[in-house]
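Me: Let's go through this model by question and answer. I'll ask, you reason it out.

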Amino acid sequence: MEPLISVIIPTFNRASIIGSTINSIINQTYQNWECIIIDDLSRDYTYELIQFYAEKDSRIIYFKRPQNWQKGANSCRNYGLDKSSGVYVNWFDSDDIMDREFLDLKYRFITKSNCDFIVSKTMFHDGGAYRNIDYGLTKQKILLGNFILGKQICLTPDLFCKSETLQNIRWNHNLKSGQEFNFVSKYLATGVKGRYLERLLTTANTQYESIHSKQINDEKARIKNKYKCYILTLVDLSKIGCKNQYYETVQNHLLRLSVSYAFQLAVKRIYIPYYVDLAKILFRYNGFKKFLTFNLSLFIAYCNGRGYQLMDKSRN
């Protein structure tokens, strides 16, 4: 019998569109799957809709996020992983559509490639035109250094993993944007091996409201989310104790980005979250002089919006 595949979907107030997502899973050519839907305490008719599907197909399993779990999609993804039973895991979003061979092609490719995980591709649909993105070095193995430097890309629905490789990796509850970057970085840091499956298997519907669409016209939100993504990834990787050969390059790159976005927040007089974590890491790796220079640049930025040259010196 083919192994069980767990598809994990967080959702919140998507009753009007999640039906299309569920239908695309029901129509899979690969049959041995479970679809675990974690409801982030929606206020629409999500519960009634999922129950309608679950009564017809026992492979569809509904949970409400427990009250004692932090609100958010990442918390729901982690809760879904804890509840899953599959040999393989694939997270998915509640407004996206699977190709009919999504699971079948992924299973066959990961078995053939003898990898820990594989990454397929996603195309974007805004209600009219379809758009593809450049995934970078797809002919090469997926490496931590290439991923952090933006030379390789992975979106949430693309990632197909052996569940046994996910024991110590979780989605960061404090991120609302850039969660794939954080999660995949930590996952790669554990030494897993993965390859690209050169197939467009997901259609992402971008016409619906999302965190990304909200920050397109909100520069302050964009800067803050970028900063949080980079600093929390740097902090999380430090906790893992990564021994990867690219780690020094990765660490320097993330530190430079964290310092740069922290400075941009200071220029706009926005509170810098996780400042203590950033300051500790900067002091540890760049020394007291650059630590002091960075703090001086923030002070000047808060006062008059200047201090860029000092900031630049602190991160080099």
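Reply: Terms first: helices (H or I, at least four residues) and strands (E, at least two) are DSSP runs, numbered from the N terminus. This is a predicted model, where local features need pLDDT of at least 70, side-chain atom pairs count only at pLDDT 80 or more, and totals for chains, interfaces and linings use all residues. Residues are numbered from 1 along each chain as its sequence is written, and side-chain values use heavy atoms, with hydrogens and water left out.

Me: How many helices and strands does the protein chain have?
Reply: Going by those DSSP runs, both kinds of element turn up. The tally for the protein chain is eleven helices and nine strands.

Me: What radius of gyration does the protein chain have?
Reply: The radius is taken over C-alpha atoms, and the globule rule is 2.2 Å times the number of residues to the power 0.38. For 316 residues, a compact globule would come out near 20 Å. The protein chain agrees with that, at 21 Å.

Me: What share of the residues of the protein chain count as buried?
Reply: Buried means under 20% relative accessible area, exposed over 50%, partly exposed in between (1.4 Å probe, protein chains only). Of the 316 residues, the buried share is 52%.

Me: Where is the kink in helix 10 centred?
Reply: Helix 10 covers residues 275-304, and a straight helix of 30 residues would span 44 Å at 1.5 Å a residue (the expected span is 1.5 Å times one less than the number of residues). Its end C-alpha atoms span only 20 Å. The bend at a residue is the angle between axes fitted to the seven residues ending there and the seven starting there. The kink is about 135° and is centred on G287.

Me: Which helices help cover the buried residues of helix 10?
Reply: Buried residues in helix 10 include L278, I281, F294 and L298. Counting contact as heavy atoms within 4.5 Å, the cover includes helix 8 (219-240), helix 9 (247-267) and helix 11 (308-315).

Me: Which backbone oxygen lies 2.8 Å from a polar atom of the side chain of S258?
Reply: S258 is found in helix 9 and is buried, with a relative accessible area of 0%. Away from its sequence neighbours up to four places off, S258 touches Y227, Y230, I231, L234 and L278. The oxygen at 2.8 Å from its side chain is that of L254.

Me: How far apart are the end C-alpha atoms of helix 9?
Reply: Helix 9 has 21 residues, so at 1.5 Å a residue it should span 30 Å. The ends agree with that, being apart by 30 Å.

Me: Is N114 buried or exposed?
Reply: Most residues other than glycine have a negative phi. N114 isn't a glycine, yet its phi is positive, about 55°. N114 sits in the loop between helix 4 and strand 6. At 64% relative accessibility, N114 counts as exposed.

Me: What is the relative accessibility of Y274?
Reply: Y274 is found in the loop between helix 9 and helix 10. Y274 also has a positive phi, about 60°, although it is not a glycine. Y274 counts as partly exposed, with a relative accessibility of 24%.

Me: What separates the C-alpha atoms of D116 and L292?
Reply: D116 lies in the loop between helix 4 (102-113) and strand 6 (117-125). Its contacts beyond four places in sequence include F160, K162 and Y187. D116 and L292 are 176 residues apart along the chain, and their C-alpha atoms are separated by 43 Å.

Terms used. A polar contact is a pair of N or O atoms within 3.5 Å; within protein, one must be able to donate a hydrogen and the other to accept it, and residues adjacent in sequence count only if both atoms are side-chain atoms.
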